[in-house]
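Thanks for coming. I have one fold to go through this morning, and I will keep it short.

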Amino acid sequence: GASFCDQQWPAGARRYQEIPSRPLPGVAGAATTSPATWRWVNLWATWCLPCVEEMGLLAKWKTSLARDGTALEVEPWSVDDDEARLTEFLRDTPMPGRVRWLRAQADLPAVLDALGADRSAAIPIHALVDPAGDLRCLRVGAVHDEDYGLVKAILAGGWEVEAIQSGAK
């Protein structure tokens, strides 16, 4: 069957470690994630076409899930090295959540280790963090419209994910 997560963990098996961010010009304040909210951590960059293309999809999913009663906070983490390019991109592009900026060279290897991703993994990289702060799903690679059903099932607490995935043809 189809699988959304490259890796997954049962509740409590892998704590999510906060990513150290660097200040991003024109982006203020801390995240206001409520305790009952899933977090979608997305490692991306302005130069990554699949990353940029899926931002609209993440925004659409966030809205659809909210309509169905599942709160989702999307956290786009840029790994861009060029501050001016990132700032210009953000000025012209609507984003599905408050963008954070990660020091790619300095912080990315440790972030990939914390997420359980291979250090050679290419972006986009997606991590789903449950309301308790546990990392539940890691996906390396772009997301697509047809993934929505699996994502919705995972966030709805369908952590018989193997059953969900083996049923998805």
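I will take the sheet, then the helices that pack on it. Bear in mind that this is a predicted model.

The sheet is open and has six strands, in the order β1-β6-β5-β2-β3-β4, with mixed pairing. At the edges are β1, residues 7-8, and β4, residues 100-101; each has a single partner strand, so one side of each lacks a neighbour in the sheet. For β1, the pairing with β6, residues 135-140, is antiparallel and runs over two bridges. In that pairing, Q7 sits opposite L138 of β6.

Now the helices. Helix α2, residues 55-67, packs on the sheet and touches β2 (38-44), β3 (72-78) and β5 (125-129). The direction of α2 makes about 165° with that of β3. Helix α5, residues 148-155, also packs on the sheet, with contacts to β2, β3, β5 and β6. The direction of α5 makes about 135° with that of β2.

How do α2 and α5 pack, and at what angle? The angle is about 50°, and the axes lie 11 Å apart. The two helices, α2 and α5, are therefore oblique to each other. Their crossing is right-handed.

Which residues make that contact? From α2 they are W61, S64 and L65; from α5 they are Y148, V151, K152 and L155. By class, the contact of α2 with α5 has five nonpolar residues, one polar and one charged.

That is the end of my part.

Definitions and conventions
Residues are numbered from 1 along each chain as its sequence is written. This is a predicted model: local features need pLDDT of at least 70, side-chain atom pairs count only at pLDDT 80 or more; totals for chains, interfaces and linings use all residues. Side-chain values use heavy atoms; hydrogens and water are left out. Two strands pair if DSSP finds at least two bridges between them. Helices (H or I, at least four residues) and strands (E, at least two) are DSSP runs, numbered from the N terminus. Contact means heavy atoms within 4.5 Å. Axes are lines fitted to C-alpha atoms, for helices over the stretch in contact, and angles run from 0 to 180 degrees between N-to-C directions. Angles under 35 degrees count as roughly parallel, over 145 as roughly antiparallel, 65 to 115 as roughly perpendicular and the rest as oblique. A crossing is left-handed if the near helix is turned anticlockwise from the far one by less than a right angle, and right-handed if clockwise. Ala, Val, Leu, Ile, Met, Phe, Trp, Tyr, Cys and Pro count as nonpolar, Asp, Glu, Lys and Arg as charged, and the others, Gly among them, as polar.
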